[in-house]
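Trainee: I've got the sequence and the structure open side by side. Can you walk me through a few spots?

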Amino acid sequence: MDIPLLPQSPISSQDGLRPVWDPNWHTTPKGILLKAVQDRDQRNANVDNLPAELMDIKQKIRSNGSNVKGAVDQIGADIQQLKANTRVISASLPSESSLEDIQFALKTYYARYLVILRVSGDELDLETCYVNLAIVEAPAQREKEKQDLKKQAAIFHRIPSFEAVERANMQSSIPLEQIFNKRRLRDGNEDIPKTILVQGRAGIGKTTLCKKLVLAHQTGLWRGRFDAVLWLPLRQLKAFKSRTLEGLLREKFFTQGLGKGDSLAHALETGAQKGRVLFILDGLDEIVTDTECDEGIALRSLLRTLLTQQHVVITSRPSGLDRSLLPLIDLELETVGFSQQNVKDFLVKALKPEAVRTVQDFIQQTPLIQGLVNIPVQLDVICFSWDSLPTDGPTMTMTGLYQLMVRRLWCKDALQLRKTAGGRDLTPGQISKLAPEDIDELMATESQHLGYLAFKGMKNNHQIEFNEKALLSALGDLREYRAAVKIGFLPPQLLEMMKQTSFLHTADVDLDASKSSSQQAWYFLHLTFQEYFAATWIAQHLQVKQPHPSAGMMTVEQARAFVQEHKYNPQYEIVWWMVAGLLNGEALEEFFDLLQGSPRDLIGGRHQQILASCLNEARARLDTTVVTRLDAELMKWLHFEIQTCHSKHGRSILGSQTSFPETLLVEDLDSVCSWKTILARTLGARSTLSESAIQSLIGALKDEDAYVRGEPVYVA
């Protein structure tokens, strides 16, 4: 006989499952109950494939035949249990339908995150954001692959960083789509990597990598290997109540209006146990667990559960990475930012044709820029500032470039914050006509707060993320000081204003409103912007002849002592460059006296590197006698290094750096000396060469010494 469909009934369970039985029905129950045990999405499931707990119910129905009332009495309790355990039953039914639900839910969740916001506020398609992954080789791999790697053509030039990744081979890269291909692992075996560590400096593209992995799976990549890809920023773990994997998945991904988060989270955990889920654990360096308290122990246990999943990609900055937390790593990579070709492609996609030419010319003419544009956010800010870029690229310093970019972004923020003049909101036209000094004055309060926050963070173990408490603490310090010296009060809404600027960002936009203020972490647009603002704070305290409202929270003596204590600290290297670029007059000369004074690097190499970089930033503002003296010291060290160079292909490490004056090398190459071959190699090792340097190398082709004649050909 035909089995009628299950009728709609006024009786319903809290979680939305249809009632499984109504004693008023007088029809053979064999087919009706088959419909009743469908999961919450009302999909057809064959009763012979139901889980074990339903088999008893099936048998009772068959043994009772058409005796409906008897069947109801006999299996009523089982039916109630079935309704109470809807989640378990739903997750146990055939996986195709629940998998579709999971993938749909995840796609819905990720919809607003799989874009990149430019500093202008415009969205940038992920396809325009390039990710380059370089292998971090195990020692045994490096020598074996050395000759093959020389044939690779990809070249990356980067500014110095204390976050350098050891043994990262910049010429051995892996395309993103091949990251899960079978390859030689760190233990020497050939296999598919299951646990991958990706390191990278701040702002270099680790979060973009996470987004691209999610998008790649959504568009069909690795579907045969993974049913789901989960991106979990680890800094957010403390914001969630659950300390179990299933609970975390429910809170993170399945709370927005689906009504079936329990079953989806359970099914997803089951998939993870079967090795069908890829976990992307973003920012291992950003999570700190206190093992002395119960909450810290529970959080550490959850972290260990995540790290030991069958398929894991872990991202981290090199500094702050606790390797004791790591499982056995199959493959270690570094994300290295944009290649030269990526930069060209990005410009074409992000700018109008006339702007592309302007930026390309500026990059080509400005040596220091070529160490910055591989960082995506830096390139984006340069693109945003394209109509303000100077034409004298070769003389542009890093400090000058950051002043230009910061002022350009302040102009955008002045509109956002509705800055006024004469009681009226400034218009875009009025702001665009402001002189640099006027922009500085207009945004002085915000700049002061950022300067102190940046400096305080660097003093606090180079802190780059700030929670609400840290932001309020910095604001409180400033407010207390300004009140004490009677220079005016800070606006009560300053903190919220700061969060609207271009320079403070948060990645925790998906935390709900109840958690947003206390759990969100804020960070500077890029680490180098934090270093710039920290430099402005220090410079304000050293520039004693031009007092600043903040020049009183630290005395001049304390500022000088701070420079002496940290001048060789790699974490402050770029800060000292920018301090030199910001100071003027007597304060600038006194700063170089601090660098030259005690304590001094006994070996000398580190000191000369700092000296050359700071001199490169301040050369145009120093007295010529001071410049001559400092240049002579650099040349003395260069000659000492050359004299101790006995390698067949040796060169000067100091002279190879972009910050070392190229003119000094060219003058030496053009003079009569016995180390022209080493000078030629040194010039050839620099990331960029001026036209005059190239002409000098061409001229060396006519040298009487055959080794010198051959050297320019070798380096070219």
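## Strands, helices and odd loops

Mentor: Sure, and keep in mind that this is a predicted model. Let's start with strand E9: Val 277, Phe 279 and Leu 281 point to one side, Leu 278, Ile 280 and Asp 282 point to the other, and all are buried.

Trainee: How many of the residues of E9 are buried, then?

Mentor: In a regular strand, side chains alternate between the two faces of the sheet. E9 has both of its sets buried. So E9 is largely enclosed by the rest of the structure, and the count of buried residues is 6 of 6.

Trainee: Which residue of E10 stands opposite Asp 282?

Mentor: Strands of a sheet pair through backbone hydrogen bonds, either parallel or antiparallel. E9 and strand E10 (residues 312-316) run parallel, joined by 4 bridges. Opposite Asp 282 in E10 you'll find Thr 315.

Trainee: And which residue is the bridge partner of Pro 233 in E9?

Mentor: Pro 233 belongs to strand E8 (residues 228-233), which is mostly covered, with 6 of its 6 residues buried. Ala 228, Leu 230 and Leu 232 point one way from E8, while Val 229, Trp 231 and Pro 233 point the other way. E8 pairs with E9 in the parallel sense over 6 bridges. Leu 230 stands opposite Phe 279, and the bridge partner of Pro 233 is Asp 282.

Trainee: Let's move to the helices. Are H11 and H12 roughly parallel or roughly antiparallel to each other?

Mentor: Helix H11 (residues 340-350) and helix H12 (residues 353-365) have axes 9 Å apart and pack at an angle of about 155°. The cut-off for roughly antiparallel is over 145 degrees. H11 and H12 are therefore roughly antiparallel.

Trainee: How many charged residues are there in the contact of H11 with H12?

Mentor: On the H11 side you have Val 343, Leu 347 and Val 348, and they meet Val 356, Val 359, Gln 360 and Ile 363 in H12. That contact divides into 6 nonpolar residues and 1 polar, and the number of charged ones is: no charged.

Trainee: What about H14 and H21: are they roughly parallel or roughly perpendicular to each other?

Mentor: The axes of helix H14 (residues 398-416) and helix H21 (residues 527-542) come within 11 Å and cross at roughly 100°. The range for roughly perpendicular is 65 to 115 degrees. H14 and H21 are therefore roughly perpendicular.

Trainee: How many polar residues are in that contact of H14 with H21?

Mentor: H14 brings Thr 399, Tyr 402, Gln 403, Met 405, Val 406 and Trp 410, and these meet Thr 528, Phe 529, Tyr 532 and Phe 533 in H21. The residues of this contact include 7 nonpolar and no charged, and the polar count is 3.

Trainee: Which residue in E16 is the bridge partner of Phe 466?

Mentor: Look at the open sheet of 3 strands, ordered E14-E16-E15 with antiparallel pairing. Its edge strands are E14 (465-466) and E15 (504-506), each pairing on one side only. E14 is joined to strand E16 (residues 522-524) by 2 bridges. In E16, the partner of Phe 466 is Trp 522.

Trainee: Which helix packs on the sheet there?

Mentor: The helix touches E14, E15 and E16. Its direction makes about 100° with that of E16. It covers residues 444-459 and is helix H17.

Trainee: Now the loop between H17 and E14: is His 462 buried or exposed?

Mentor: Most residues other than glycine have a negative phi, and most peptide bonds are trans. In this loop, Asn 461 has a positive phi of about 60°, and phi of His 462 is near 55°. Asn 461 is exposed, with a relative accessible area of 68%. The cut-off for buried is under 20%, so at 6% relative accessibility His 462 counts as buried.

Trainee: Last one: which residue does a cis peptide bond join to Pro 599?

Mentor: Pro 599 sits in the loop between helix H24 (585-596) and helix H25 (605-618). Omega of the cis bond is about -5°, and the residue joined to Pro 599 is Ser 598.

Conventions. Residues are numbered from 1 along each chain as its sequence is written. This is a predicted model: local features need pLDDT of at least 70, side-chain atom pairs count only at pLDDT 80 or more; totals for chains, interfaces and linings use all residues. Side-chain values use heavy atoms; hydrogens and water are left out. Axes are lines fitted to C-alpha atoms, for helices over the stretch in contact, and angles run from 0 to 180 degrees between N-to-C directions. Angles under 35 degrees count as roughly parallel, over 145 as roughly antiparallel, 65 to 115 as roughly perpendicular and the rest as oblique. Contact means heavy atoms within 4.5 Å. Ala, Val, Leu, Ile, Met, Phe, Trp, Tyr, Cys and Pro count as nonpolar, Asp, Glu, Lys and Arg as charged, and the others, Gly among them, as polar. Two strands pair if DSSP finds at least two bridges between them. Buried means under 20% relative accessible area, exposed over 50%, partly exposed in between (1.4 Å probe, protein chains only).
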